[in-house]
Amino acid sequence: MTGYHAQKDDVVRRLRRIEGQVRGLQRMVEEDAYCINVLTQVAATNAALQSCALVLLEEHLNGCVTEALVQGGEQAQAKVSEASQAIARLVRA
């Protein structure tokens with residue numbers, strides 16, 4: 001089972017909303033919308049993706065990583081390292 005299982009419906013809703021935002025961006029460009037308006041929507045889409053990523057990260061930490069820490073051993077260290085790498089990718093994005 002995935003770490004975000006309890007939040008799956010929320011994550012799917014968020015991603016569908018983001019998908020709609022991206023389609024809206026495409027439509028704006030096709031219709032030659034004013035640059036600043038397009039950029040504003042790009043920023044809103046980026047913020048929505050970041051928010052979704054944080055939900056997934058929190059669920060991963062509370063689920064997968066916590067379980068691995070309870071079990072201990074190499075699996076625990078691997079999950080912590082994996083989470084650290086994911087956080088680093090999000091910070092760079």
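Buried residues account for 22% of the 93 residues in this chain. Please keep in mind throughout that this is a predicted model. The chain exposes about 6,800 Å², and carbon and sulfur atoms supply 55% of that area.

Let me turn to the overall architecture. The chain contains 3 helices and 0 strands, and reading along the sequence gives the pattern α-α-α. The radius of gyration is 17 Å, well over the 12 Å that the globule rule gives for 93 residues, so the chain is more spread out than a compact globule. The C-alpha trace, taken along its principal axes, spans about 55 × 25 × 15 Å. As for contacts between residues at least 6 apart in sequence, 53% of them join residues at least 24 apart.

I move now to charged side chains. In general, side chains of opposite charge can pair when their charged atoms come close. How many salt bridges does the chain have? The count comes to 3 salt bridges, and I shall take them in sequence order.

The pair I begin with is Asp10 and Arg14, whose side chains meet at 3.0 Å, N to O. Both residues lie in helix H1, which covers residues 8–30, and they are 4 residues apart, about one turn of the helix. Asp10 is partly exposed, with a relative accessible area of 22%, and Arg14 is likewise partly exposed, with 21%. Given that a residue is called buried under 20%, the label for Asp10 follows because its 22% is not under that cut-off.

Helix H1 also holds Glu19 and Arg23, again 4 residues apart, about one turn of the helix. Their side chains form a salt bridge at 2.7 Å, N to O. Glu19 has a relative accessible area of 39% and is partly exposed; Arg23, at 48% relative accessibility, also counts as partly exposed.

The remaining pair takes us to helix H3, residues 73–92, where Lys79 and Glu82 are 3 residues apart and so separated by about one helical turn. Their salt bridge has an N to O distance of 3.7 Å. The cut-off for a salt bridge is 4 Å, so this pair is counted. Glu82 is partly exposed, at 37% relative accessibility. To place Glu82 relative to another part of the chain, consider Thr66: the two are 16 residues apart along the chain, and their C-alpha atoms are separated by 13 Å.

Next, a charged residue without such a partner. Which side chain of opposite charge is nearest to Glu59, and how far away is it? The answer is Arg14, 9.7 Å away; Glu59 is buried and yet has no salt bridge. Arg14 is the residue already described as the partner of Asp10. Glu59 itself sits in helix H2. Leaving aside residues up to four places away in sequence, Glu59 touches Gly3, Tyr4, Gln7 and Cys64.

Let me continue with the loop between H1 and H2, where Asp32 lies. Most residues other than glycine have a negative phi. Asp32, by contrast, has a phi near 55°, a positive value in a residue other than glycine. At 69% relative accessibility, Asp32 counts as exposed.

My last topic is a surface feature. Which residues form the nonpolar patch on the surface? They are Tyr34, Ile36 and Leu39, with about 340 Å² of accessible area together. Ile36 belongs to helix H2, which runs over residues 35–71, and Leu39 is in helix H2 as well. The two carry separate labels: Ile36 is partly exposed at 45% relative accessibility, whereas Leu39 is exposed, with a relative accessible area of 53%. The cut-off for exposed is over 50%, so Leu39 passes it. Leu39 and Asp9 are 30 residues apart along the chain, and their C-alpha atoms are separated by 29 Å.

To close, I return to two points. The chain is helical in pattern, α-α-α, and among its charged residues Glu59 is buried yet has no salt bridge.

Note on methods. Residues numbered from 1 in each chain as written. Predicted model: local features only at pLDDT ≥ 70, side-chain atom pairs only at ≥ 80, totals over all residues. Heavy atoms only, no water. Patch = residues over 30% accessible without salt bridge, like charges linked within 9 Å, V, L, I, M, F, W, Y side chains within 5 Å. Areas by Shrake-Rupley, 256 points an atom, 1.4 Å probe, with all protein chains shown as cover. Helix = DSSP H or I, 4+ residues; strand = E, 2+ residues; numbered from the N terminus. Buried < 20%, exposed > 50% of the residue type's maximum accessible area, 1.4 Å probe, protein only. Rg over C-alpha atoms; globule rule 2.2 N^0.38 Å. Contact = heavy atoms within 4.5 Å. Lys, Arg positive; Asp, Glu negative; His and termini not counted.
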